[in-house]
Amino acid sequence: MLVNVYGAKCIGIDAVRVVIEVFETKGVGVSLTGLPDVAVKESLLRTTTALESTGLELPGRRIVINLAPADVRKCGTGFDLPIALGIIATTWEVVPPLLGEFIIMGELGLDGSIRAIPGALPIAEMARAEGFRGCILPAESAMEAAELQGITVYGARTLDDVLRIVRGGGDCSELVVGPGAGVFAAGGGPGSLRGGPGSGVTAAVGYPGGTEPPDFSEIIGQDGAKRGAEIAIAGGHNLLMVGSPGSGKSSLAKALTGILPPMTQEESIVTSKIYSICGKGSNGLMRTRPFRSPHYSASMAAIIGGGGGDGILPGEVSLAQNGILFLDEVCQMPRSTLEALRAPLEDRKVCISRLKNKIEFPASFMLVAAANPCPCGYWGEPGRCTCTPGQRQAYLGRLSGPLLDRIDVKITVRRVPPSELRNRSAAGAAGPGPAPGTQGFLVRREQETSAEVAARIIRAREIQKRRFRAESITTNSEMSNRLIAKYCPLSDECTEAMTSLMEKSDLSMRAYFRIIKVARTIADLEESPDIRPNHLIEAAAYRLMEFAE
């Protein structure tokens with residue numbers, strides 16, 4: 001008797017269907033074919049033990065299990081559950097009516113419980129695309145697909161739950177996850193139910209260290225740095241901050257998470273799929289833009305992605321999809337790792353090639369880098385720097401020209417003088433500052449909250465969204481040269497200003513187009529329909545800014 005059960009395998013951030021063929025024939029024993037890895041081979045012992053512990057008898061004949069297509073390596077523990085169902089069906093000699101209408105994946109415990117697996121969201125999305133009735137996944141993993149429309153997702157905790165579903169005829173609605181459906185919380189029981197999008201459950205990813213980010217109003221001084229950071233976020237431009245230790249570079253980088261615009265539905269799905277295949281999925285889709293901050297000693301594989309054989313996983317550049325990749329002490333990173341960032345920054349994707357495999361991951365992120373101006377960190381502060389000119393040049397020289405050319409906004413973060421700290425304390429004790437339009441407007445601007453800055457950024461992003469509604473991009477930083485010519489026409493006055501900048505500063509053509517991108521973002525923040533010369537001059541200043549005077 002031949003029984004087919006349908007599972008899935010993740011390749012990149014997408015899943016492909018795998019057919020688990022179970023055939024009973026003469027003889028004794030269990031054979032597994034179809035390029036299984038060690039984890040899949042071990043599933044036979046786990047599966048048979050789980051069946052025996054739940055009181056299900058194994059057939060006293062030979063069972064042949066094939067994972068098709070046979071030329072694609074199968075990896076992971078998620079094939080335990082479909083293999084067990086195939087064996088059960090051959091034992092009963094009656095195929096459960098709904099067995100072939102679901103994608104089924106899950107790891108089995110020896111007691112018949114079902115444990116979480118990675119890749120639940122891509123699996124559910126594939127089941128919907130291929131017209132399956134639904135998918136049956138571990139309860140913890142099924143939560144990742146709770147907001148996916150157009151498919152029924154069941155969250156099972158035991159083998160008995162799965163058998164109830166595939167037999168049909170009974171009410172299994174309490175196992176359904178999705179908008180408005182009750183589902184068991186991870187590690188909970190019938191008394192711990194959570195809902196779909198209305199439950200308020202969001203990803204616990206985004207805030208560095210799991211703590212609330214500092215508010216913009218809490219960062220004293222640094223008006224120029226905060227202005228540059230606002231422009232970078234508004235247009236999705238890469239940002240480099242250079243300053244001495246304690247000047248506030250890391251605090252400003254963490255504060256950026258408070259002014260990031262909300263993700264669209266499409267962005268949430270792509271980002272959630274990346275975290276899903278890494279086993280870092282959340283309850284429903286991720287709504288918080290990721291903030292990744294790897295240590296400067298991280299390997300190239302950790303930053304770019306890698307792995308052996310079919311176990312290729314995304315790196316930090318992909319985990320930062322639609323968010324921020326913060327590289328603190330960037331000049332301490334290996335030169336080879338920094339140079340590997342050039343392709344993802346330009347192409348917004350990363351392709352990892354192995355002898356028998358080639359995987360492409362999305363990598364559309366905003367790079368925020370922080371560095372000291374010299375090895376000792378105090379160049380630019382009179383009497384404190386102990387580095388020679390050669391040491392300073394070699395230190396910042398670790399950031400190559402091609403890499404710096406891909407960073408649109410470069411700002412110097414200077415140490416806040418004690419006098420400004422005293423003025424800030426006095427202003428706080430005196431109460432709220434004057435209204436806009438008075439002489440105290442600059443004080444009020446300095447004390448702007450993250451919510452006020454975020455509101456301007458959201459308006460600028462909405463302008464960009466309307467501008468690019470017919471294109472496949474959403475921010476100014478993603479514009480190609482063709483789109484720049486189409487959406488950023490320059491007046492005669494602006495053309496003359498750009499020509500003068502190019503001649504005086506000996507800029508490359510990449511710098512020419514990137515200055516226009518930043519100028520377009522500055523114009524969007526001012527809600528100006530056209531780019532003006534002052535926008536170009538400010539954009540060029542961020543690109544040409546010296547690290548230290």
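How does the lining of the second largest pocket divide by class, and how many residues are nonpolar, polar and charged? The views below come from a predicted model, and the first of them gives the answer.

**View 1. Lining of the second largest pocket.** The lining has 15 nonpolar residues, seven polar residues and two charged residues. The space in this second largest pocket is about 470 Å³. Its lining is made up of 24 residues. Closest to the pocket centre are Cys10, Cys75, Pro118, Ile277 and Asp310. Two elements, strand 1 (2-11) and strand 19 (358-362), each give two or more residues to this lining. Strand 1 supplies the largest share, with four residues.

**View 2. Lining of the largest pocket.** This pocket has a volume of about 540 Å³. Its lining counts 23 residues. Glu267, Asn322, Ser364, Thr474 and Glu478 are the ones closest to the centre. By class, the lining holds seven nonpolar, 10 polar and six charged residues. Helix 9 (residues 265-277) gives the largest share of the lining, three residues.

**View 3. Leu137 and its surroundings.** Leu137 sits in strand 8, which covers residues 134-138. Its relative accessible area is 0%, under the 20% cut-off, so Leu137 is buried. Beyond residues up to four places away in sequence, Leu137 touches Met105, Ile117, Ala120, Ile123 and Ala142. Val153, Tyr154, Gly155 and Ala156 are also among its contacts. Ile103 lies 34 residues from Leu137 along the chain, with 8.4 Å between the two C-alpha atoms.

**View 4. The largest nonpolar core.** This core has 64 residues. Those with the most contacts inside the core are Ile20, Ile65, Ile103, Ile104, Ile136, Leu137 and Val153. Helix 3 (residues 80-92) contributes the largest share of the core, seven residues. Another core, of 54 residues, lies apart from this one. Ala232, Ile515, Ile516 and Ala519 are among the residues of that other core.

**View 5. Contacts of Ile104.** Ile104 is one of the residues with the most contacts inside the largest nonpolar core. Neighbours within four places in sequence are left out here. Ile104 is then in contact with Val5, Tyr6, Gly7, Leu81 and Pro82. Its contacts also include Leu85, Leu99, Ile136 and Val166. Ile136 appears again in the list of residues with the most contacts inside the core.

Key:
Residues numbered from 1 in each chain as written. Predicted model: local features only at pLDDT ≥ 70, side-chain atom pairs only at ≥ 80, totals over all residues. Heavy atoms only, no water. Buried < 20%, exposed > 50% of the residue type's maximum accessible area, 1.4 Å probe, protein only. Contact = heavy atoms within 4.5 Å. Core = buried A, V, L, I, M, F, W, Y, C linked by side-chain atoms within 4.5 Å. 1 Å grid on protein atoms, 1.4 Å probe; cavity = no way out; pocket = protein on both sides within 12 Å on 5 of 7 lines; lining within 4 Å. Points joined across faces, edges and corners; volume = space filled by probe spheres on them. Nonpolar A, V, L, I, M, F, W, Y, C, P; charged D, E, K, R; others polar.
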